[in-house]
Structure formats: structure tokens, C-alpha cells
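Q: Could you take a close look at one part of this model for me, namely the aromatic pairs, and set them against the overall fold?

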Amino acid sequence: MEKDNIIELELEEGVRQHCVVLGFFEIGDIEYVGLMPLETEDCYIFRYEEDEEMNPMLGAIETDEEFEKASAVLDELLEELYAEEE
């Protein structure tokens, strides 16, 4: 695991969590990022954007339908990644 693939998220109430960046992907005109905290096997999916100064910004997924689509694409991405490693 490369250090560049690990980021620190600041969650609610100032809690910080280190996450592995699983990958970036697009659905339509929306870009997403898949993250996995180092302490668990959970996966997070966020909308991903950059501001005018190229700083990353994470946003919430707005509907269950959007989450299901993003989850399916992330699952495919991970399956391809694991197939390449074998």
C-alpha cells in the first residue's frame, strides 16, 4: 500500500480517520471516490470535486438510487483490481 493512497478524513466532531483511496470513478457527469478506513473493512463513497484552487472536496451522495449505482461501480472496480493482482 503506497503512502500516497492514504488520506486523512475529518469526520463529525473533529474525529480524524485515515483511509485508503480505493479509486476514483465517474457516473454521468459526477465523479466519486471510494475510501476504506484503515481500522475497519467498511467502504465509504463520496462525491468528489475540486475547488478553484484544486483542493479536494467530498460531498454526500444524495439518494439511495445514487448510492446503489455508485456502489455497483465501485464493486466492479475492486473486482478488476483484485483480478489483476491474482
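Before we get to the rings, what radius of gyration would a compact globule with 86 residues have, and what does the protein have?

A: Sure, let's begin with the overall picture, keeping in mind that this is a predicted model. A compact globule of 86 residues would come in near 12 Å, and the protein has a radius of gyration of 13 Å, so the two agree. The C-alpha trace spans about 40 × 30 × 25 Å along its principal axes.

As for what fills that space, you've got five strands and one helix. Reading from the N terminus, the order is β-β-β-β-β-α, so the helix follows the strands along the chain. Take the contacts between residues at least 6 apart in sequence: 24% of them join residues at least 24 apart.

On the surface side, buried residues account for 26% of the 86. The accessible surface is about 6600 Å², and carbon and sulfur atoms own 47% of that. Charges are worth a glance too if you're setting up electrostatics: there are 29 negative side chains and 4 positive ones, with the centres of the two sets 5 Å apart.

Now for the close-up. The structure holds three aromatic pairs. One of them is F24 with Y48: the ring centres sit 5.0 Å apart and the planes meet at 75 degrees, so this pair is edge-to-face, the cut-off for that being over 60 degrees. F24 belongs to strand β2 (residues 16-27) and Y48 to strand β4 (residues 44-50), so to speak two distant parts of the chain, 24 residues apart, linked by the pair.

How covered are these two rings' residues? F24 has 43% relative accessibility, so it counts as partly exposed. Y48, on the other hand, is buried because its relative accessible area is 14%, and the line for buried is drawn at under 20%.

Another of the pairs is Y44 with F46, again edge-to-face, with 6.2 Å from centre to centre and 75 degrees between the planes. Pairing requires centres within 6.5 Å, and the 6.2 Å of Y44 and F46 meets that. Y44 is partly exposed at a relative accessible area of 24%. F46 counts as partly exposed as well, at 21% relative accessibility.To pull the close-up together: F24 and Y48 join strand β2 to strand β4, with F24 partly exposed and Y48 buried, while Y44 and F46 are both partly exposed.

Methods: Residues are numbered from 1 along each chain as its sequence is written. This is a predicted model: local features need pLDDT of at least 70, side-chain atom pairs count only at pLDDT 80 or more; totals for chains, interfaces and linings use all residues. Side-chain values use heavy atoms; hydrogens and water are left out. Helices (H or I, at least four residues) and strands (E, at least two) are DSSP runs, numbered from the N terminus. The radius of gyration is taken over C-alpha atoms; the globule rule is 2.2 Å times the number of residues to the power 0.38. Buried means under 20% relative accessible area, exposed over 50%, partly exposed in between (1.4 Å probe, protein chains only). Contact means heavy atoms within 4.5 Å. Accessible areas come from the Shrake-Rupley method with a 1.4 Å probe; for residues, only the protein chains shown count as cover. Lys and Arg count as positive and Asp and Glu as negative; His and the chain ends are not counted. The place of a charge is taken as NZ of Lys, CZ of Arg, CG of Asp or CD of Glu. Rings of Phe, Tyr and Trp (its six-membered ring) pair if their centres lie within 6.5 Å; planes under 30 degrees apart count as stacked, over 60 as edge-to-face and the rest as tilted.
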